[in-house]
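Below are some questions and answers about one structure. Look at the structure first, then read on.

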Amino acid sequence: MSPSADAAAPVSTSAPPLAPLIAAQLSYLLSHSKLPIRVGQIWSGCRNGRHSDRFTLSIPFCLDYVHWDFVYNALSPKVAPDVVFGPDDEGFQPLVDYAEAGNDASCLARWDYRDPRGLVALVHELRELYIEYHKKQVAKVDDARVTFELSTVLSKEGIEVCMVPSADRPDEVKFAVPLLDVDFDFNKLVPGCPWRLPQKIHLQVIFPISRSSSYSSVPSAPRLKLTSTSDLKSLFSVEDVKLPPWSNGMCLAEYLPALEESLNLLVVEASASIGARRRFIEALAPTFGRPIEADPIFCRRATVLSISGVFTFLVHFAIPLQFPKQQPVLTLQSSQHCNADGIPITSPPINDYPWSPRWDQAEMVERIYDFLTDECQNFKKFCSDTVTQQK
Amino acid sequence: MALRDGTTNLSISGAALAALLHRCAAATGDCDGLLFGRASHLPAPPAALSDYDDLAAAPRDPALTISVSGHCSLSHPSSLSDPLGRFHPPSSDHSSVPAPAAVGFFSSRRRTALRPSMRELALAHSLSKTLQGRTTAHPLLFILVSPSASPNFSTHSYDYRAFLLLASRLVPASLTVVNVGPGFRDQYHAFSPESPMPCLPSSPAAAGYAHTIGEQKAVDEMVDGFGIGRLQGLLGSAAGQAAEMDDMYAGMLRKLEKLATEVEKTNIRVLEQENRNLLLRFRCAGME
């Protein structure tokens, strides 16, 4: 019955429109929340079904998403929304805890149905409580190492933990540790950065829980993985980071400082690489003419128009993050030859031409130009052959 | 995680369930309300009659029986609680307490998962505390209904699930629907007749006994213009005068007829008022 929202499903087109007051709250949430929240299914709970008033939100938690159903009533707009949590979270009872603590500071206590900020306040309040709930659940785990790790790193701001239940293996505990400073702002590194949401790099640490029966003096190493928000990939690739080794008997509090230090250096390097890429694109102009297209922010792509005799073609430059250590990948695209589907013929990516990172930008461009003078003849022949074969 | 058999028996009469589902379907949106009924500790019903004694050797533990007989609802979402799920009676008089016969509450949410929501859970805790000490100690009952209809309204489905508040969690429990028939004979062991008729002195010798206004009122609730003296005479005579009996029965039917007409009229007025309310709500929600 509950719609699953695993995919970042676009708003279902068959659903009737959201009631205006609810739509205002939802759009305020999506435009103002600092979290990458996604909307799953939207549907109606009215008898006549003319207005939608309930939806599933996918809310980020511990490097994953939890799916909660938010239930409004289109025909009783003054009634505050109710929330149905996931099937595994029956122990999460935020309002019961409020009642026991005599706490009525919740945003629900002074719910104003006309205020579009209501939903964003509710989602953030519940997420905070959910994080605390999971910290308490993990603290109940009977495992000396996990208890120790909790006592040392739990105070780190923004950390999230949860249990990973699995049917065929013993349970595991997952830590999502934010790296770099909490207020570290990637947007400041990149002028004109288009990212709306704050970008983060997290270290995911999964501790296996040792069964009390199998006694061993040294617990096995945790599984470590670096993850980043998806937008960050155009500036910095966490897959390229080599994690320092985890030695026996180590704990997170020892491991994190070294990792953060090396990560800081890499991030500074990555932002410096933007400058190198920009200078390379600027150096294209004297030789190839002004690029007809270029990525002005991360400087990862540029396209120039070239002519050899009567043969006109485009050259696409894909500039890697490790530029200038790695050379740009070239793709040639003919402006005069199309394949059977009417799509311009392109060459396979070329990255085996002469290259040295020690050349200055102007020389890099010169060398590429020289290489292409020959290569474009091969490409022209390739295009002609393809077109002839079609006839 | 259903309850073990034999700890708590939940039952609802077919008519009460039909009325509850109709209420949930007829509401324009979601709705909730109180459930009334009876909770009792009863010895387990005797095993099926048998010629063999050895089968009925071990008497079972007394089981807790909760049977739902009716509900009351304002056809409005969240009418029982504030936004934080704290119970408040639906009447304007906040000092009034729910009728002692409340055994729990129900909530109807269209097309939603059959899991208790955040507020329902809080309401269960709060209502359970309010009812504590007022009734036979029993876990609070919660029935969650999720009506849904096919897009062209040709098929309506009603999913429902019962829960009991046990150890601060709402645990799903099985709910028996009781209908009339030999298959439900067990249920009648739990039946105790309760007549609203006043207890009258049956002996004609007490004719001089001045009956109270209260007693006359109780009789008037069932039949108009049938003096208490006549009722006394009727009860007193051993033969039971057929004519008097017929007269009383006809009077009862007339009374019922009158009540039915009144109900019909007031229903129309309620419907009119509900339609007016609906228009106001549309305006309030900016959906004109």
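Contact here means that heavy atoms lie within 4.5 Å of each other. The model is a predicted one.

Q: Which strands does helix α3 of chain A lie across, and at about what angle does it run to β2(A)?
A: Helix α3 of chain A covers residues 118–139. It lies across β2, β3 and β4 of chain A. Its angle to β2(A) is about 50 degrees.

Q: Which strands does helix α1 of chain A lie across, and at about what angle does it run to β2(A)?
A: Helix α1 spans residues 20–32 of chain A, and β2 spans 54–61. The helix lies across β1 and β2 of that chain. Its angle to β2(A) is about 15 degrees.

Q: Which are the edge strands of the open sheet in chain A?
A: The sheet has four strands in the order β1-β2-β3-β4, with antiparallel pairing. An edge strand pairs on one side only. In chain A these are β1 (38–43) and β4 (82–84).

Q: By how many degrees are neighbouring strands of this sheet turned against each other on average?
A: The strands concerned are those of the open sheet β1-β2-β3-β4 in chain A. With direction ignored, the average turn between neighbours is 30 degrees.

Q: Which residue in β4(A) is the bridge partner of D69(A)?
A: Strand β3 of chain A, residues 64–71, runs antiparallel to β4(A) and is joined to it by three bridges. For D69(A), the bridge partner in β4(A) is V84(A).

Q: What is the volume of the largest cavity?
A: Searching the whole structure gives two cavities of 30 Å³ or more. The second largest has a volume of about 90 Å³. For the largest, the volume is about 190 Å³.

Q: Which element gives the most to the lining of the largest cavity?
A: This cavity is lined by 18 residues, and those nearest its centre are D82(A), S78(B), S107(B), R119(B) and E120(B). Elements giving two or more residues to the lining are β2 (31–42), β4 (102–108) and α2 (118–131) of chain B. The one that gives the most, with three residues, is α2(B).

Q: How many charged residues are in the lining of the largest cavity?
A: The lining divides into three classes. Seven of its residues are nonpolar and five are polar. The charged residues number six.

Q: How many charged residues are in the lining of the second largest cavity?
A: Its lining has 13 residues, with L21(A), I22(A), Y72(A), P77(A) and Y113(A) nearest the centre. By class, ten are nonpolar and three are polar. The number of charged residues is therefore, with Asp, Glu, Lys and Arg counted as charged, none.

Methods. Residues are numbered from 1 along each chain as its sequence is written. Chains are lettered from A and ligands numbered from 1 in the order in which they are written. This is a predicted model: local features need pLDDT of at least 70, side-chain atom pairs count only at pLDDT 80 or more; totals for chains, interfaces and linings use all residues. Side-chain values use heavy atoms; hydrogens and water are left out. On a 1 Å grid over the protein atoms alone, a cavity is a set of points where a 1.4 Å probe fits but cannot get out, and a pocket is an open set with protein on both sides within 12 Å along at least five of seven lines; lining residues have an atom within 4 Å of a point. Grid points are joined across faces, edges and corners, and a volume is the space filled by probe spheres set on the points. Two strands pair if DSSP finds at least two bridges between them. Axes are lines fitted to C-alpha atoms, for helices over the stretch in contact, and angles run from 0 to 180 degrees between N-to-C directions.
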